[in-house]
Amino acid sequence: MNSSKLLLTLAGAGAAVATLLYVPQGCTPHKSPAAGADAQAAEKVYVAPGKHDEFYNFVSGGFSGQMSVYGIPSGRLLKVIPVFSVNPENGWGYSEESKPMLNTTHGFVPWDDSHHVQLSQTNGAQDGKWAFINGNNTPRIARIDLKTFRTTEILEIPNSAGNHSSPYLTENTEYLVAGTRFSVPLGENQDVPVASYKKNFKGTLSFIKVRPEDGRMNVAFQILTPGVNFDLSRAGKQGSHGWFFFSCYNTEQAFNLLEVNASQKDKDYILAVNWKKAEEYLKAGKGKRLKSPHAHNVWDEKTHSGTSTIEQDIVQLDPRELPGLCYFIPCPKSPHGTDVDPTGEYIVGSGKLAAVVPVFSFRKMLAAIEKKDYEGQYDSIPVLQYENVLHGEVKKPGLGPLHTEFDAEGNAYTSMFVSSEIVKWNVKSLKVLDRLPTFYSIGHLSIPGGDTRKPHGKYMIAYNKITKDRYLPTGPELAQSAQLYDISGPKMKLLLDFPTIGEPHYAQSIPAAQVAPNSLKAFKLEENQHPYAAKGEKFARVERKGNQVHVYMTAIRSHLNPDIIEGVRVGDEVYFHLTNLEQDWDVPHGFAIKGAAENAELLIMPGETQTLKWQPKRVGIFPFYCTDFCSALHQEMQGYIRISPASSNVPLMFTGGQQQPAALQ
């Protein structure tokens, strides 16, 4: 089939579209070249032993629920940051301190689907303070502190389902947003037929305020929207600062077989939101306060503990009653990405089923609003005339456009899922300048700083959905496929394939020089305010409080204190409060005990205290030990706990193991 016929098929609806979208999964769209990149590629990505990468690359973990960190250009995995999912490697979600971080109004939720990373900005440039990531399944937003590479806050989003167009942020990190992928019934009566979708289902756009001094988040307001599916979003920049743009599909408001029923219209919309106007309405008291319970979980680095609070309400704005708040921009067809160039003037729509890439002008949009140049309304929200806000269209860009990012030279780079390629084009002239295949079926792409006013350029990373023959086979599921490109010259060049944990969606990169110097090496022991901390071996002890046994344990190379414990009974609740006394960099200690079926291990950083809860269910001697190799005598870093019958009267005894008391000889 030639390109023109294929584009027409792609622009249509129904089963033909669905079939076309599945083609890459059953075939190889491009023959994988033997070399893959030119002979100089290896030199460009080589990072010598003992040397560091130029960029940190923060990658969403998709269905893993986590965030991974890679070095660029080497592609080396540096760290997996636990966020929304429990992590037995370090006890996230298993330790008593971290369990509250995964609390929601649904209870303890040990998993989520993390899609999009955003790095905090000041004056439209990355500032290296925080990384944010969304939870798509149980709607949440998390904040990661880039000093500790640890999740320090998770905020549940109320009145939401499928938190996909999130957590995109404004150029000074005033707000993050969270838009609903799934519209649902809201309010008191939510037990309604699914077939009543058009009448009863609504979406929301949540604007999350970020406190500049410490990053603390709260739901500032929500905007009630028609029952469409919001996909992605971007904030305005410079002249368009004060606006947010959300792509949305399913303006048909279909509720079943969406691949057909939500692909009927030639155009869906980009929703333009004037959040400065929203602030004016809030100040004037035009919002409605609604009961909307949602969990707010915060980590305290002084106590090394998380706390969970249930917030009770939010303020909601209804654009049907508040003129000037929202406007729809028609966009072909089933738009996925919406992206704003570094100047803030151009808004790019990427319709998954579109034969062109439309580029809208912010100034033309303002002029159309001023003239009330509308083609009609959609659920009482004005719809602007497509041609009157259009800067132009990129013709024959490729098949299945999804996402666009920018360099500092006025160029855009768009991923093409169906044709498995990246297309480079000029934002003003709309001319295609270059195209290069990906392997295979690219989803998101990312350029360091490519969504900011000040792109770093140089590299671009493709996060592909299909791997096929790129790596050694590993059974039915293969490694996730990322590819690094050099974009420093007029032509793009493939430099490197590197696997990632799955499934990566969006990622962002930042120069290492903005983050590495601020990285924390150890928590100061004297500042440890954990209520069960033992800040020296002389404080190590065991105490009974009813059926609770609290073990105040210390760890230092190469012993645990206490290392012999007796007088614990079946059915007791045993809390091992382990304090790492080390004050040196990169000397964590681990802790695990045989048979702790309800928990995993602990991994305790220098100067930190963490707690493992264990409820013994059988009589016996149970060994415990350090799980993180720390010294030549690491194997000797162990101990025993004796569990006696529930009716036993064995007294509580313990020792540090350096000198064995007569009572235990």
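These are legends for a set of close-up views of a predicted model.

**View 1. Ser247, tucked away in strand 16.** Ser247 belongs to strand 16, which covers residues 243–249. With 0% relative accessibility, Ser247 counts as buried, because the cut-off for that label is under 20%. Its side chain reaches the backbone oxygen of His336 at 2.6 Å. Setting aside neighbours within four places in sequence, Ser247 is in contact with residues from several stretches of the chain, listed here in full: Asn229, Phe230, Asp231, Leu232, Tyr269, Ile270, Pro335, His336, Gly337 and Thr338. So His336 turns up twice here, as a contact and as the residue whose backbone oxygen the serine side chain reaches.

**View 2. Gln118 and its partner Asp451.** Here we look at strand 6 (residues 114–122), where Gln118 is found. Gln118 counts as buried because its relative accessibility is just 1%. The side chain of Gln118 makes a polar contact with the side chain of Asp451, at 3.4 Å. Not counting residues up to four places away in sequence, Gln118 also touches Trp130, Ala131, Phe132, Pro167, Tyr168, Leu169, Arg234, Tyr506 and Gln508, among others.

**View 3. Phe207 in the largest nonpolar core.** The largest nonpolar core has 29 residues, and Phe207, Phe244, Phe246 and Val273 touch the most other members. Leaving out residues up to four places away in sequence, Phe207 touches a list that includes Tyr175, Leu176, Val177, Phe221, Ile223 and Trp275. Phe244, Phe246 and Val273 are on that list too. Another core, of 25 residues, lies apart from this one; among its residues are Leu560, Ile565, Ile593 and Leu612.

**View 4. The two sides of helix 8.** Helix 8 runs over residues 362–371, and Phe362, Met365, Ala368 and Ile369 in it are buried. These four cover an arc of only 120 degrees around the axis, so they sit on the same side of helix 8. As background, an α-helix has 3.6 residues a turn, so residues three or four places apart point the same way. The face turned away from the buried side of helix 8 carries the exposed residues Arg363, Glu370 and Lys371. Look at both ends as well: at the start, a side-chain oxygen of Ser361 reaches to within 3.4 Å of the backbone nitrogen of Arg363. Just after the helix, Lys372 takes a positive phi of about 55 degrees.

**View 5. A hairpin made by strands 24 and 25.** Strand 24 (residues 374–378) and strand 25 (residues 381–384) pair in the antiparallel sense over 4 bridges. In this pairing, Gly376 of strand 24 stands opposite Val383. The two strands form a hairpin with 2 residues between them, and Asp379 in the turn has a positive phi of about 55 degrees.

**View 6. Asn388 in helix 9.** Asn388 lies in helix 9, residues 386–389. A relative accessible area of 37% makes Asn388 partly exposed. Not counting residues up to four places away in sequence, Asn388 touches Lys364 and Asp373. With Asp373 there is a polar contact between the side chains, at 2.3 Å. For a sense of scale, the C-alpha atoms of Asn388 and Lys491 are separated by 33 Å, with their positions 103 residues apart along the chain.

**View 7. An antiparallel sheet of 4 strands.** This open sheet has the strand order 31-32-33-34, with antiparallel pairing. Strand 31 (442–446) and strand 34 (493–500) stand at the edges with a single partner strand each, so one side of each is left without a neighbour in the sheet. From one strand to the next, the twist averages 25 degrees. In the middle of the order, strand 32 (residues 459–464) and strand 33 (residues 480–486) pair over 6 bridges, and Ala462 stands opposite Gln483.

**View 8. A mixed sheet of 6 strands.** Its order is 42-41-44-45-39-46, the sheet is open and the pairing is mixed. Strand 42 (602–604) and strand 46 (653–655) are the edge strands, each with a single partner strand, so one side of each has no neighbour in the sheet. Neighbouring strands are turned by 20 degrees against each other on average, direction ignored. At one edge, strand 41 (residues 589–593) pairs with strand 42 in the antiparallel sense over 3 bridges, and His589 stands opposite Ile604.

Note on methods. Residues are numbered from 1 along each chain as its sequence is written. This is a predicted model: local features need pLDDT of at least 70, side-chain atom pairs count only at pLDDT 80 or more; totals for chains, interfaces and linings use all residues. Side-chain values use heavy atoms; hydrogens and water are left out. Buried means under 20% relative accessible area, exposed over 50%, partly exposed in between (1.4 Å probe, protein chains only). A polar contact is a pair of N or O atoms within 3.5 Å; within protein, one must be able to donate a hydrogen and the other to accept it, and residues adjacent in sequence count only if both atoms are side-chain atoms. Contact means heavy atoms within 4.5 Å. Two strands pair if DSSP finds at least two bridges between them. Axes are lines fitted to C-alpha atoms, for helices over the stretch in contact, and angles run from 0 to 180 degrees between N-to-C directions. The arc is that of the directions from the helix axis to the C-beta atoms. A nonpolar core is a set of buried Ala, Val, Leu, Ile, Met, Phe, Trp, Tyr and Cys residues joined through side-chain atoms within 4.5 Å.
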